[in-house]
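The following exercises concern cysteine pairing, a peptide bond and helix packing. Each task is followed by a worked solution.

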Amino acid sequence: MAVNRSVGHQGSRQSSALVGSRQVSVAEAQLARVAGEGCARHSYLNSLLEVSGRHSGRDLADSVHLLCSLHGRYPGLIEMALQRCPKGPVQDWLSRASEGFERERLYLVRLTSAVGPLPSTPGSAETESSLVAARHALETLAMSERDGCALGAATALVGDWWPVRRLLDRAAARAGIESPAPSLPDEPSVVAIIERGAQEPASARALAFGGEQLLLQHRALFDLLEARAEARGDF
């Protein structure tokens, strides 16, 4: 049931690639990375959005609780990245992203209370150990000294939050609470800040690495949720 996968220093895939005869930008590569490797592609997340069986409420509650364990604490990844970021455009963007994510965090915490207790599941100790490791992995990305790594993780989190938000809204509808308007930076602002913050090859590689590792943690979380659902079975 491990959610964490090691955040190491191995070389990431190239941050730009040839598409036909055109080389995509660092920002385009990051958007493609989120679209292709993010949790929107995870089959279990999609099943949570579609399923309506007798265990759907329990499985939704489990997902909300574990998402809150990963992202419901302050400071989170974006805040930690902001604390280390020098003044300039990247700091300004992180500040706006932090404000937006704080509203998302408050929604997540309120929803966690509304969906009821964490479902009883075999292997709870292993789950908590995995979540602790995952939170440490996000902290490592946010505090990285590699220029561009924290921005890569932060922009990937913003991009990958949209499918997560769909899941939260479905859980909110089931719990009978109102979903607030989305508050995170939009895609054009993500593109603009990547173009400003990853102009050098080294920072572009670090940005790609940070993005890949954040997405890896999200996919692993949904692997864990799926394993927990299977462990509960029909009970």
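**Exercise 1.** Determine how many disulfides this predicted model contains, and state why Cys85 is or is not bonded.

Solution.
- Step 1. A disulfide is a covalent bond between the sulfur atoms of two cysteines. The cut-off required here is a pair of cysteine sulfur atoms within 2.5 Å.
- Step 2. For Cys85, the closest cysteine sulfur belongs to Cys149 and lies 13 Å away, which is too far for a bond.
- Step 3. Cys149 likewise takes part in no disulfide, the sulfur of Cys85 being its nearest cysteine sulfur.
- Step 4. The count is therefore 0 disulfides under the 2.5 Å cut-off.

**Exercise 2.** Decide whether Cys85 and Cys149 are buried or exposed.

Solution.
- Step 1. The cut-off for buried is under 20% relative accessible area.
- Step 2. Cys85 has a relative accessible area of 15%, so Cys85 is buried.
- Step 3. Cys149 has a relative accessible area of 2%, so Cys149 is also buried.

**Exercise 3.** Characterise the peptide bond from Tyr74 to Pro75 and locate Pro75.

Solution.
- Step 1. Omega for this bond is near 0°, and the bond is cis.
- Step 2. Pro75 lies in the loop that runs between helix H3 (56–71) and helix H4 (77–84).

**Exercise 4.** Describe the packing of helix H7 (residues 149–175) and helix H9 (residues 201–232).

Solution.
- Step 1. The axes of H7 and H9 are 6 Å apart, at an angle of about 35°.
- Step 2. The crossing of H7 and H9 is right-handed.
- Step 3. Residues in the contact include Cys149, Ala153 and Leu157 of H7, and Gly210, Leu214 and Phe222 of H9.
- Step 4. By class, the contact residues of H7 and H9 comprise 12 nonpolar, 4 polar and 1 charged.

Methods. Residues are numbered from 1 along each chain as its sequence is written. This is a predicted model: local features need pLDDT of at least 70, side-chain atom pairs count only at pLDDT 80 or more; totals for chains, interfaces and linings use all residues. Side-chain values use heavy atoms; hydrogens and water are left out. Buried means under 20% relative accessible area, exposed over 50%, partly exposed in between (1.4 Å probe, protein chains only). Helices (H or I, at least four residues) and strands (E, at least two) are DSSP runs, numbered from the N terminus. Axes are lines fitted to C-alpha atoms, for helices over the stretch in contact, and angles run from 0 to 180 degrees between N-to-C directions. A crossing is left-handed if the near helix is turned anticlockwise from the far one by less than a right angle, and right-handed if clockwise. Contact means heavy atoms within 4.5 Å. Ala, Val, Leu, Ile, Met, Phe, Trp, Tyr, Cys and Pro count as nonpolar, Asp, Glu, Lys and Arg as charged, and the others, Gly among them, as polar.
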